[in-house]
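These are my notebook entries on one protein model. I set down what I looked up, in the order in which I looked.

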Amino acid sequence: MKSILTILTMVVAFGLNAQNFQGKAIYKTSVKSNFKIKDDKGVDEKLQEDLRKRMEKMNQKTYILNFDKNVSTYKEDVKLDAPKPQVGGASLRVFSFGGSGASDVYYKNLKKSSYLNQTEIQGKRFLIKDKLPKHEWELSSETKNIGTYTCYKATFSKEVESKNITIKDGESVEDIKKEIITTTAWYTPQIPLSNGPANYQGLPGLILEINDGKKIIVCTEIILNPEEKITIQEPEKGKVISQKKFNIIRKEKTDEMMEKMRGRNGLDLGNGVNVKFGG
């Protein structure tokens, strides 16, 4: 993903240890979609490609990282709701089961190696409080430029459990498997801040790009020491809970939602295509 980095305020020499050091980084995200409908009668390939592209477009979002030398907040830059995409005369709906919502606030305290994540599941607000993940970064001498910054490559790998839901003949089939995912980061020592977007940090410079094979996060704008002071506040709303407990609740709610959708008429996409989630 090509990024054009615009520097609105650039300080040639800035002291990271200065008490008033702060800044703002704008990130764009994109998510690769493997959306596909399998049907014995055959579903128009052009329609499937159109659906995939529309879903990817809906997952293109903008986030703002406000930071100083110790703390930061990462939050979606929410715009006015756009009209829902139409496919075959029907609105394409996206179902969300909690996490990464427009009202989420991800707060980091680098000094304490902790974070607070204010998020929601089906309208119920939670405040996840836990320790920052420690990624086992492998540093590389490989470089590339992002805007005017020279960035260095770093990677880490971990085993994750992935779930692939295939809709075949009106039935949803879940395929759960474990796989090794390698995440690649590009960071710049020109901004010697061990921080980055979302839950990524721990490198000797601000992370400007993240790619885990499915999701890409790229910095498109940086403002250092802006004239107007940035206020960074801890999120306070929601039931305090650990990340482990939150993951359990989210899975339970996801299973409940999928069960409720079984047997329903599903989603009418027009042109005789109807997506059902089981039943």
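**Entry 1. Salt bridges.** I began with E179 and K214, whose side chains form a salt bridge with an N to O distance of 3.9 Å. E179 belongs to strand β13 and K214 to the loop between β14 and β15, so this pair ties together parts 35 residues apart in sequence. I note that the model is a predicted one. For cover, I found E179 partly exposed at 23% relative accessibility, and K214 likewise partly exposed at 48%.

I then turned to K144 and E209, which meet through their side chains in a salt bridge of 3.1 Å, N to O. This pair also links distant parts of the chain, with K144 in strand β11 (residues 138-146) and E209 in strand β14, 65 residues apart. Is each partner buried or partly exposed? K144 is partly exposed at 28% relative accessibility, whereas E209, at 9%, is buried.

The next pair I recorded was R125 and E120, with a salt bridge of 3.1 Å between nitrogen and oxygen. R125 is partly exposed, at 29%, and E120 is partly exposed, at 26%. The count of salt bridges comes to five. Side chains of opposite charge can pair when their charged atoms come close.

**Entry 2. Strand β2 and its partners.** I listed two helices and 18 strands in the protein. I chose strand β2 (residues 22-31), in which seven of the 10 residues are buried. Which strands pair with β2? Strand β4 (residues 61-68) runs antiparallel to β2 and is joined to it by eight bridges. Strand β15 (residues 215-224) is also antiparallel to β2, with nine bridges between them. As sample positions I noted that Q22 has D68 of β4 as its bridge partner, and that K28 is matched with V218 of β15.

**Entry 3. Cores.** I looked up the largest nonpolar core, which has 38 residues; W137, L206 and I222 have the most contacts inside it. Beyond four places in sequence, L206 touches residues including Y27, L65, F67, W186 and I222. Another core lies apart from it and has six residues, among them V71, L127, I230 and I232. Over the whole protein of 279 residues, 40% are buried. Of the contacts between residues at least 6 apart in sequence, 65% join residues at least 24 apart.

**Entry 4. Positive phi.** Which residues other than glycine have a positive phi? I noted A198, with phi near 50°, in the loop between β13 (171-188) and β14. I also noted N225, at about 45°, in the loop between β15 and β16 (239-241). A198 is buried, because its relative accessible area of 18% is under 20%. N225 is partly exposed at 27%.

**Entry 5. Confidence.** I closed with pLDDT, which has a mean of 79 in the protein, with 67% of residues at 70 or more. Among the elements, strand β14 (residues 206-211) has the highest mean, 98, and strand β1 (residues 6-9) the lowest, 36. Residues 1-15 stay under 50, and the model gives them 41 contacts beyond four places in sequence. Residues 87-98 also stay under 50, with 36 such contacts. Where pLDDT is low, the predicted coordinates should not be read in detail. I therefore do not interpret individual contacts in such stretches.

Definitions and conventions: Residues numbered from 1 in each chain as written. Predicted model: local features only at pLDDT ≥ 70, side-chain atom pairs only at ≥ 80, totals over all residues. Heavy atoms only, no water. Core = buried A, V, L, I, M, F, W, Y, C linked by side-chain atoms within 4.5 Å. Buried < 20%, exposed > 50% of the residue type's maximum accessible area, 1.4 Å probe, protein only. Contact = heavy atoms within 4.5 Å. Helix = DSSP H or I, 4+ residues; strand = E, 2+ residues; numbered from the N terminus. pLDDT = per-residue confidence, 0-100. Pairing = 2+ DSSP bridges. Salt bridge = Lys/Arg side-chain N within 4 Å of Asp/Glu carboxyl O.
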